[in-house]
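Okay, thanks for squeezing me in, everyone. I'll put the structure up and then walk through it chain by chain.

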Amino acid sequence: MNPRPWNLWRAQVEAILRLEIRKTLLARRGLWIYLLAFAPAVLLWIHAGLNLRHGRVCDLGKDSLIFAAMFQFFYLRLAIFFGCVGVFMNLFRGEMLEKSLHYYLLAPVRREVLLVGKYLSGVIATSAIFCSGTALALAALFVHVPRAAAEHYLFAGGGLGHVLGYLGTAALACVGYGGVFLVMSFLFRNPIIPAALVLVWESMNPFLPSLLKKISVIFYLQSLCPVPAPIHGDWSFLAVVTEPAPAYLAVPGLLLVTFAGLLLAARKVRRLEINYGTE
Amino acid sequence: MSEREIVFENVSKFYGEVLGVNRVNLTIPPGITGLVGPNGSGKTTLMNLMTGLLRPSRGRISVLGVAPDQPELLFRFLGYCTQFDSFPRGMTGYQFVYSYLRLHGKPDKESAEMAWHALERVKLTDAAHRKIAAYSKGMRQRIKLAQALSPCPLVLVLDEPLNGLDPLVRAETIALFRALAEEGQHVIISSHILHEVDAISDQVILLSSGYVVAEGQIHGVRTEVEDHPMQILIRCSKPAHLASRIFDLDTVVEARVHNDGKGLLVRTREPERFYLMLNRLVVDGIDLESVAPADDDVHSVYEYLIGTDGGSI
Amino acid sequence: MAVYKRSYRGYAGPLTEEWSRFAIIPRYAYRGLFQSKIMTAFFVLCFVAPLVFLFLIYFANSWGRIAAIINERGSASPIGINGEFFIAYLGFQCPLAFILTAFIGPGLISGDLANRALTLYLARPFSRTEYVIGKMSVLLVLLSLITWVPGLILFSVQAALAGGGWLSQNLWIAWGIFAGSWIWILVISLLALALSAWVKWRIAAGALLLAIFFVAAGFGEAINAVLDVRWGKLINLGYVFTIIWHSLFRLRDSFEISPASAWVMLALICGACLALLSRKLRAIEVVR
């Protein structure tokens, strides 16, 4: 046994990252993830462009609320959710389908190291894409506000904290959903049905009792969002108001759930067999 | 467990209710070993078990003293060229070999040198920077071989490695296998073509329906096969008439009219001579439809060796 | 003559009629589909709601006797069997049809493309159109069985129980059930097939089908909120179908977009799906 396996494992994880990140970030088939990530930014830039063109004064407070709602109801629940479904379910199951996973399994790499490498590659790729999307969307919010007002909001009004909060939440969403979908790709041959169930569960979150709310990724993510988004619509009267989890609980809670998922995935990957015929 | 041999101890593998291999006991010494059997006989299953891509339902496997469920140790000295004709997307031949060498933990420069060396061995340096997707079948076969060879393994497992290669490259590849075996490596090659394995292997393992039906030195197997005359089926309009003429030939051991009455089954020890003489025998009034060997497949070899057709064990 | 020419015999037996040749695809597809216990169980589950609606129809038509028993003589039935009743029926069954499509549809074409098996079909006297119709009929038949077929049975039961002039006065409801179901079936089947051909991976195609319904609806709301417009609803397929069903069932609810624009949107989606299928389903393969 290698007396210093950490160095070897680090080198192997780096090799996996080099292979995987290129696949996720540069593949033509991954264009739809960019579309999901940058669509809100494009929308907000159009909004900023129209305001600038017509010389309209922007109401930063109103726009911040619109952004908060869009971030929580579209970005977290749908864009990052489906982006992570696409990326993390593809890590192992996609390669099974393309019949190329065996190349990894025929290398002198511990299966657990392979899992960590692949998971990290997914987290890095999705975080890079969705945090860039969030940053661009936030930039659109400030671009059509008078410079002095934007600076005041950012540096004196806690705006910078909001920006970092949104970016951190987007990255944590990739970590959390990534863990969930990676495990699902091992547990189910067709993970779409459980993914759909998770989607329904996450969408029902506002209407669930307080205890059940806590068994979801979205509850912790929403707790971390700097601006709470109001619930509108026909069913809003059914929403159950629950105290958001404080950041010192939400972040470790999410990481703990992810870690538990990865442990389960590690057990599965250790027993993984190559049987392409059944895919 | 032996540290110089590959050992299977009572190994079975079931895919649900379907049998992969059953109660395999084998000891494979260094040199070139051929795994022979018809499609579905369990050759690939045996190789996948040996390399940890599959887990045995029962029994134990040891490759030079290492269990296949320890990939971090096993693939330090084992290379496997599978029969899956698929590759990671968008890679060039060089990137493919180089990237997976980096997974061994080798630094950039060493990996690059080893990748080029492997590409030279399979004569693919000219196409190294082309996308694998644009490679021909033979080139894809060779790049897989390069990838398996690249870390200079002690044990090389090759699943149908000569598929898709043209005769020249085939001869070169066989020479490469021989050179590797002479260096003291284990080279395990699967094929469903007996004469191909005959040309390469020091020893053969015959598989049928998931069972090992024979193993040993190739010469012994061939001798057994040569004891049996070749069987030829002649489809013609007047088989009885043709049979009476064929009996005059000294190369023919047996001739009998086929069950359907529309053909003749001939057994001969000298098929080449028989074919030449047959042309002279076919005279007016006999309408010849087809002439084809009836027992030159592995099934027949099994039949000769163990008295069954290999499919009903 | 060469020996091989003597031994070769081309097929000279009877051929199936050209118009029915597409049926070979569903025949084998159903055999595979119903081997899945989940699929079979879900399909059976899809008939629970029609049974409940059947009970409600019976209940509504028996109200006179029930009212007499519970001393509510003369009161009106709490359930009205009208357009709203049948639109509620579609509201139950069509989402089930969508789930069934998400389960079956994505694997219909992707498997053939991923395994490069399309040429095996097209190398025979079998056209691309027949291939698409064959694949689509797998969905059309199953979805029909859980939407308009039980819907029309419910309608017939209601007509029989209500008697009098109910049938002649409400024949348009039957048309609403039939047309409303077929529009839903056609659009989601085309979407599923197009995505299946586009993505070539069953699981990804399934995810994309879900995403088109859910993400597009969410993004439509975002468009409306950010740009302060109403046309964002056009990419909310669920909303578009609701408008069309309401117009078919002659309900006069107000919506944020007009029925005409909803129809145009559906036509555009179908056109895009057909274009995608035409582009992806070819007998030749381009290696990139």
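So, contacts in chain B: take those with a separation of 6 or more, and 64% of them are between residues 24 or more positions apart. Before I go on, keep in mind that this is a predicted model. Chain B has 313 residues, and 40% of those count as buried. It's a mixed chain, with 11 helices and 13 strands.

Let me start with the sheet at the beginning of chain B. What's the strand order there? It goes β2-β1-β4, an open sheet of 3 strands, paired antiparallel. The edges are β2 (18–28) and β4 (58–63) of chain B, and each of these has a single partner strand, so each has one side without a neighbour in the sheet. Going from one strand to the next, the twist averages 20 degrees.

Now the pairings, if you want to follow along on the screen. Strand β1 of chain B, residues 6–15, runs antiparallel to β2(B), and 7 bridges join the two. To get your bearings in that pair, look for B:I6, whose bridge partner in β2(B) is B:I28. β1(B) and β2(B) form a hairpin with 2 residues between them. Have a look at B:G16 in that turn: its phi is positive, about 65 degrees. Then there's β4(B), which is also antiparallel to β1(B), with 5 bridges joining them. One of the pairs to look for there is B:S12 with B:R58, the latter sitting in β4(B).

Okay, further along chain B there's another open sheet. This one has 4 strands in the order β11-β12-β10-β13, and the pairing is antiparallel here too. Which strands are at the edges? Those are β11 (252–257) and β13 (288–293) of chain B, each pairing on one side only. The twist in this sheet averages 20 degrees from one strand to the next.

Let me zoom in on β10(B), residues 230–236. 5 bridges join β10(B) to β13(B), and the two run antiparallel. If you're looking for a landmark, B:R235 stands opposite B:S290 in β13(B). There's a helix to point out here as well: α9 of chain B, residues 239–246, lies across β10, β11 and β12 (263–268) of that chain. Relative to β11(B), α9(B) runs at about 165 degrees.

Right, on to chain C. How many helices and how many strands does chain C have? The count is 15 helices and 0 strands. The C-alpha atoms fill a box of roughly 95 × 55 × 35 Å along the principal axes. Of the 288 residues in chain C, 37% count as buried. As for contacts with a separation of 6 or more in chain C, 76% come from residues 24 or more positions apart.

The helix pair I want to show you in chain C is α12, residues 171–199, with α13, residues 202–227. They pack at an angle of about 135 degrees, and their axes are 9 Å apart. That angle is why α12(C) and α13(C) come out as oblique to each other. The crossing is right-handed. Which residues make that contact? From α12(C) you have C:L191, C:A192, C:L195, C:S196 and C:V199, and from α13(C) you have C:A204, C:A205, C:L208, C:L209 and C:I212. By class, that contact has 9 nonpolar residues, 1 polar and no charged ones.

Last topic: the interfaces. The contact between chains A and C takes 27 residues from chain A and 18 from chain C. And here α13(C) shows up again, giving 15 residues to the side of chain C that touches chain A, which is the largest share. That side of chain C has 16 nonpolar residues, 2 polar ones and no charged ones.

Then chains A and B: their contact takes 23 residues from chain A and 22 from chain B. On the chain A side, two elements give two or more residues, α1 (5–26) and α4 (102–105). α1(A) gives the most, with 6 residues. And what's the split by class on that side of chain A? You get 13 nonpolar, 3 polar and 7 charged residues.

Okay, that's my tour. Happy to rotate the view for anyone.

Note on methods:
Residues are numbered from 1 along each chain as its sequence is written. Chains are lettered from A and ligands numbered from 1 in the order in which they are written. This is a predicted model: local features need pLDDT of at least 70, side-chain atom pairs count only at pLDDT 80 or more; totals for chains, interfaces and linings use all residues. A residue is buried if 20 or more other C-beta atoms lie within 10 Å of its own, exposed if 12 or fewer, and partly exposed in between; C-beta atoms are placed from the backbone. Two residues are in contact if their C-beta atoms, placed from the backbone, lie within 7 Å. Ala, Val, Leu, Ile, Met, Phe, Trp, Tyr, Cys and Pro count as nonpolar, Asp, Glu, Lys and Arg as charged, and the others, Gly among them, as polar. Axes are lines fitted to C-alpha atoms, for helices over the stretch in contact, and angles run from 0 to 180 degrees between N-to-C directions. Angles under 35 degrees count as roughly parallel, over 145 as roughly antiparallel, 65 to 115 as roughly perpendicular and the rest as oblique. A crossing is left-handed if the near helix is turned anticlockwise from the far one by less than a right angle, and right-handed if clockwise. Two strands pair if DSSP finds at least two bridges between them.
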